[in-house]
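Here's a quick tour of one protein model, written for someone who'd rather be at the bench. Have a look at the sequence and the fold first, then read on.

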Amino acid sequence: MPAPEAPSATSSHMMKTTKRGRPFLKDTLDLFATLIVSLQLTTNRQYFKSFPNSFTTDDAARNLASLKFSQSNRGPDPREPSRIVTTTTTTTFSMTRDMAKAMCQQFMDARLIENAADPGSNLFKERGVYVLTPKGLHVLERFMSKNGINGDHLAHVFSSQPICMKLLHLERRSVDDEIIVSHSAITALFRRFVGRQPNYPPENFETMDAFQKYHERSKGVALMDVTEKGVGKATVVHKHCFPAVTALEWLCDFTSVIGREEAAEMAAQFVRFGLISLVSDKRKNNDSAIIFTVRGAAGGANSSISQHGEFRCTAKAIYKVTDEGRRLARWDLPDGARPSPNSSAANVSNNARSSEDRSVDTATAEGANTSDAKIHRRISMTEKLNASYDAAEKKGQKESNTDRLKFIMEEPQLRALFREFLRSNFCEENLSFYLDVQDFKKSFSTTSSAIAANTPPPKAGQKATPGQLAMERHHEALIHKAFVIYNTYLAPSSQSELNIDHGLRNELSAYLSEVIQSMTGKTFQGHVDLEQANNFNATQLQTMIRLYERIQTHVFRLMATDSVPKFIKTPRFLALKVKLVEEDDGPLADFPLMNSSASTPSVPPGLASGEEEVGGAYVTVSQRAVVQERAAGEHR
């Protein structure tokens with residue numbers, strides 16, 4: 001039976017809005033994801049065409065009229081820590097049709113959704129069909145993972161559309177949600193914007209499929225060369241140019257900027273920092289023009305930073321990357337000569353923040369003050385994978401292999417290759433068990449659901465609270481998972497039986513024997529059927545998790561000491577290491593990486609509470625997109 005249900009918590013507040021009148025970014029993203037989870041994305045028709053995985057204006061307005069998001073969290077009972085209790089919090093969003101349409105317009109501005117029939121349209125229409133963008137799928141994946149949402153009904157969406165793999169987030173002021181403009185933030189944004197090398201689209205770009213086109217765009221803004229007439233009959237060729245509108249679209253698609261207005265302000269900062277400059281604007285005199293101007297402190301005598309920057313948002317405006325932009329992008333350096341993220345020249349500045357990122361799915365901040373500057377140091381992928389890596393604080397080779405195994409677990413491509421290696425050595429079950437338990441532990445503590453008020457009422461005898469219903473279904477799924485793990489890896493003569501410590505196996509068997517005999521009166525026979533398992537409560541599942549964790553530790557140590565030293569010497573590992581290190585030395589190596597399931601920090605990475613808000617950036621990585629790209633690579 002499910003854990004005891006604590007009284008549901010309720011809260012009510014108006015959505016915070018900025019001086020521009022839009023909701024704060026976090027509220028926008030959370031409401032968007034909640035809406036999508038509540039919808040049934042189906043095939044809709046418009047203009048004699050069918051659009052799969054879509055929803056209509058009516059669908060969105062109907063669900064937003066009364067949308068319930070319930071989150072259930074499990075934890076020890078304060079009065080009796082040995083018991084597990086469940087607390088359910090339900091948030092209800094309520095808005096009129098006009099307000100719902102206005103909110104959906106915000107989703108379009110943020111490039112989370114687009115008009116299926118007219119992707120170039122920027123207006124949310126009264127009668128329209130809409131689909132998720134790659135950025136929208138990235139945000140949705142992160143929200144679902146963070147909140148423990150069962151996304152089976154959305155699996156086909158994630159598998160059939162491109163997903164933004166790496167989304168760059170710019171830190172914002174907590175008071176007004178404005179992007180914090182700093183030298184480090186603009187540097188990170190610009191390097192992501194222009195890419196590791198100039199991104200000239202291939203000749204066959206138009207014949208590529210949606211996945212290939214998106215992959216090409218993700219490398220950086222699409223560039224072209226522009227030829228203009230000079231004095232007399234002479235011509236001038238401007239290299240590395242791009243239309244202003246293309247720049248705005250790219251910034252909206254691959255970063256956390258929310259709307260073209262904010263994108264134009266960031267582009268104006270590029271102009272102010274001397275990274276791009278206007279080539280031409282051949283609009284006619286009567287054509288309208290929107291020009292964004294930003295102001296700030298000028299740099300020193302030899303600095304390219306000026307007091308103001310201007311960006312023209314017109315269809316005819318063409319900009320180019322300047323010599324200073326090329327230098328900052330490090331285009332002219334050969335790959336081997338690119339500054340390491342650990343080099344002092346690349347990372348010591350008066351405005352740099354101190355942070356140390358030891359894994360790809362976390363970003364932590366630790367103060368490391370010096371008299372004049374703070375040193376930004378991120379352990380690079382080169383060090384993480386280097387077989388001779390031995391950090392000063394580590395003691396001995398065994399712990400070094402432990403660090404390598406942690407990183408292998410976190411990097412999807414390495415993990416898949418490691419699995420193949422273990423399979424060839426007939427011990428793949430070690431990795432499978434470890435990952436299955438990790439997933440089980442994560443699922444145990446939190447589950448969420450989102451439904452619209454027009455959802456059919458519950459059946460007679462069922463609890464009416466969406467959170468309670470979700471938790472009951474979730475509890476049943478957890479029981480099933482717990483004993484699938486047991487019957488697969490730990491039961492006597494199971495299909496993938498682990499080679500574990502005899503004492504651990506006996507302890508687990510003794511616990512199950514005691515519980516099953518007390519519940520059914522029957523003697524435990526070594527295997528658990530689902531009829532017996534359905535009687536387990538949350539506290540008993542928690543005990544199972546603790547036992548599984550101890551076996552996990554044993555298995556992890558076994559892989560680290562026995563399998564990893566052999567794996568890192570294989571030719572396929574060495575080849576993949578070179579590829580990953582090359583990617584790591586690119587522009588994304590300069591700021592923290594976060595897994596797409598990681599929560600947005602209440603204090604952004606690199607900021608300690610009580611400090612002045614200093615602008616910066618961090619990246620979240622979509623695991624589903626990584627899997628997509630790997631599958632596409634194997635297909636090619």
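## The main core

A nonpolar core here is a set of buried Ala, Val, Leu, Ile, Met, Phe, Trp, Tyr and Cys residues joined through side-chain atoms within 4.5 Å, and buried means under 20% relative accessible area. Keep in mind that this is a predicted model. With that in hand, the largest nonpolar core has 89 residues, and Phe190, Phe193 and Phe311 have the most contacts inside it. Helix α1, residues 25-38, is the top contributor to this core, putting in eight residues. Two domains feed it as well: domain 1 (25-162) and domain 2 (183-329) each supply at least three residues.

Take Phe311 as a worked example. Leaving aside residues up to four places away in sequence, its contacts include Ala244, Ala247, Leu248, Ala264, Ala267, Ala268 and Val271. Also among them are Ile276, Ile290, Ile291, Phe292 and Tyr319.

## A second core

There's another core, separate from that one, with 54 residues. Phe440, Leu478, Ile485 and Leu508 are among its members.

## The four-stranded sheet

Now for the strands. Four of them make an open sheet, ordered β1-β2-β6-β5, with antiparallel pairing. β1 (42-46) and β5 (113-115) sit at the edges with a single partner strand each, so one side of each has no neighbour in the sheet. From one strand to the next, the twist averages 55 degrees.

Inside the sheet, β2 (residues 49-56) and β6 (residues 129-132) run antiparallel and are joined by three bridges. One residue to look for is Thr56, whose bridge partner in β6 is Val129. Helix α2 (residues 57-64) packs on the sheet, where it touches β2 and β6, and its direction makes about 10 degrees with that of β2.

## The β3-β4 hairpin

How many residues are in the hairpin that joins β3 to β4? The link runs through two residues. The strands themselves, β3 (residues 67-77) and β4 (residues 80-93), pair in the antiparallel sense over eleven bridges. Within this pairing, Pro76 stands opposite Ile84 in β4.

## Cysteines

A disulfide is a covalent bond between the sulfur atoms of two cysteines. Counting pairs of cysteine sulfur atoms within 2.5 Å, the model comes out with zero disulfides.

Are Cys164 and Cys427 buried or exposed? Cys164 has a relative accessible area of 1%, so it counts as buried under the 20% cut-off. Cys427, at 15%, is buried too.

Definitions and conventions: Residues numbered from 1 in each chain as written. Predicted model: local features only at pLDDT ≥ 70, side-chain atom pairs only at ≥ 80, totals over all residues. Heavy atoms only, no water. Buried < 20%, exposed > 50% of the residue type's maximum accessible area, 1.4 Å probe, protein only. Domains from an automatic or database assignment. Contact = heavy atoms within 4.5 Å. Pairing = 2+ DSSP bridges. Axes fitted to C-alpha atoms, helices over the stretch in contact; angles between N-to-C directions.
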